[in-house]
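Subject: Structure for you to look at

Hello,

I am passing on the structure we talked about. Please open it alongside these notes.

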Amino acid sequence: MGSADRNDTGRRQLSGQLRGFRMTRDRRTILQVLGEVCIPLTADDVLKRVNTAVPGIALSTVYRTLDELVSRGSVQRTLLSNDGRSFFELMGNAHRHYMVCLGCHHMFPISSCPVEDFANSAAEALDFEVTDHSLVLYGYCRHCRSGRQSPGSE
């Protein structure tokens with residue numbers, strides 16, 4: 001399936017998930033912001049981007065909208081264990097995992113799925129249907145690592 005087909009399938013799926021969801025200007029703008037980026041955003045990041053297009057939207061509106069979109073399965077929330085922040089991204093056929101820098105908190109997408117084969121074999125062995133999985137690896141990016149003293153180099 002080509003990327004155009006996947007995008008079309010993703011749009012149809014999103015449309016079905018949003019049935020009955022009153023599409024206000026603010027909600028539409030939040031969805032547009034999430035659709036334009038290729039990395040997950042915090043609610044604060046969404047607010048900054050939304051306010052450039054529609055000034056005056058409150059952070060509480062962004063949180064309420066994101067929570068509703070998560071509950072409908074339209075948006076995925078990733079909670080980072082190193083600082084408790086939530087990141088949000090539009091669901092679709094893009095299946096991604098991330099490396100997160102503990103220094104600068106930048107998220108780096110991993111281009112392939114290192115979990116798929118393991119998940120499939122574990123599911124088969126346990127007669128289990130896996131519906132989703134995620135992987136977040138924590139460490140230090142090249143920039144932050146250069147400023148840290150490596151262990152044992154005292």
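Below is what was found in it, from the whole chain down to single residues.

Please keep in mind that this is a predicted model.

Overall make-up

The chain has 6 helices and 5 strands. From start to end they follow the pattern α-α-α-α-β-β-β-β-α-β-α. There are 154 residues, and 30% of them count as buried. The exposed surface of the chain is about 10100 Å², with carbon and sulfur atoms supplying 50% of it. Taking contacts between residues at least 6 apart in sequence, 49% join residues at least 24 apart.

Helix 2

Helix 2 covers residues 25-36, which makes 12 residues. Its span from first to last C-alpha is 16 Å, close to the 16 Å expected at 1.5 Å a residue. The residues of helix 2 that are buried are D26, T29, I30, L31, V33 and L34. In general, residues three or four places apart in an α-helix point the same way, because there are 3.6 residues a turn. What do the buried residues of helix 2 pack against? Their partners are helix 3 (43-53), helix 4 (59-71), strand 1 (75-79) and strand 2 (86-90).

The sheet

An open sheet is formed by 3 strands in the order 4-3-5, with mixed pairing. Strand 4 (107-110) and strand 5 (136-139) each have a single partner strand, so each is left without a neighbour in the sheet on one side. On average, neighbouring strands of this sheet are turned by 25 degrees against each other, direction ignored.

Strand 3 consists of residues 97-101 and is joined to strand 4 by 4 bridges, the two running antiparallel. Within this pairing, Y98 stands opposite P109 and V100 stands opposite M107. The hairpin of strand 3 and strand 4 has 5 residues between the strands, and H105 in this hairpin takes a positive phi near 65 degrees.

On the other side of the pairing scheme, strand 3 and strand 5 run parallel and are also joined by 4 bridges. V100 has Y138 as its bridge partner in strand 5. Strand 3 is mostly covered, with 4 of its 5 residues buried.

The four-cysteine site

UniProt, in an unreviewed entry, places a "binding site" feature at C101, C104, C141 and C144. These positions are spread over 44 residues of sequence but cluster in space, the largest C-alpha distance being 8.2 Å.

Is C101 buried or exposed? C101 has 1% relative accessibility, and therefore counts as buried. C101 lies in strand 3. Not counting residues up to four places away in sequence, C101 touches H106, F108, G139, Y140, C141 and C144. Two of these contacts, C141 and C144, belong to the annotated set.

C104 sits in the loop between strand 3 and strand 4. With 39% relative accessibility, C104 counts as partly exposed. Leaving aside neighbours within four places in sequence, C104 is in contact with C141 and C144.

The second annotated site

The unreviewed UniProt entry also has a "binding site" feature at H95, E116 and H133. These cluster in space as well, although they are spread over 39 residues of sequence: the largest C-alpha distance is 10.4 Å.

E116 lies in helix 5, which covers residues 116-126. E116 counts as partly exposed, at 34% relative accessibility. Which residues does E116 touch, not counting those up to four places away in sequence? They are H95 and H133, and both carry the annotation.

H133 is in the loop between helix 5 and strand 5. At 17% relative accessibility, H133 counts as buried, because the cut-off for buried is under 20%. With residues up to four places away in sequence not counted, H133 touches H95, H97, C113, V115 and E116.

Where to look

To view the two annotated groups, select C101, C104, C141 and C144 for one, and H95, E116 and H133 for the other.

Regards

Note on methods
Residues are numbered from 1 along each chain as its sequence is written. This is a predicted model: local features need pLDDT of at least 70, side-chain atom pairs count only at pLDDT 80 or more; totals for chains, interfaces and linings use all residues. Side-chain values use heavy atoms; hydrogens and water are left out. Buried means under 20% relative accessible area, exposed over 50%, partly exposed in between (1.4 Å probe, protein chains only). Contact means heavy atoms within 4.5 Å. Accessible areas come from the Shrake-Rupley method with a 1.4 Å probe; for residues, only the protein chains shown count as cover. Two strands pair if DSSP finds at least two bridges between them. Axes are lines fitted to C-alpha atoms, for helices over the stretch in contact, and angles run from 0 to 180 degrees between N-to-C directions. The expected span of a helix is 1.5 Å times one less than its number of residues. UniProt positions are given in the numbering used here, feature names are shortened, and annotations may be inferred rather than shown by experiment.
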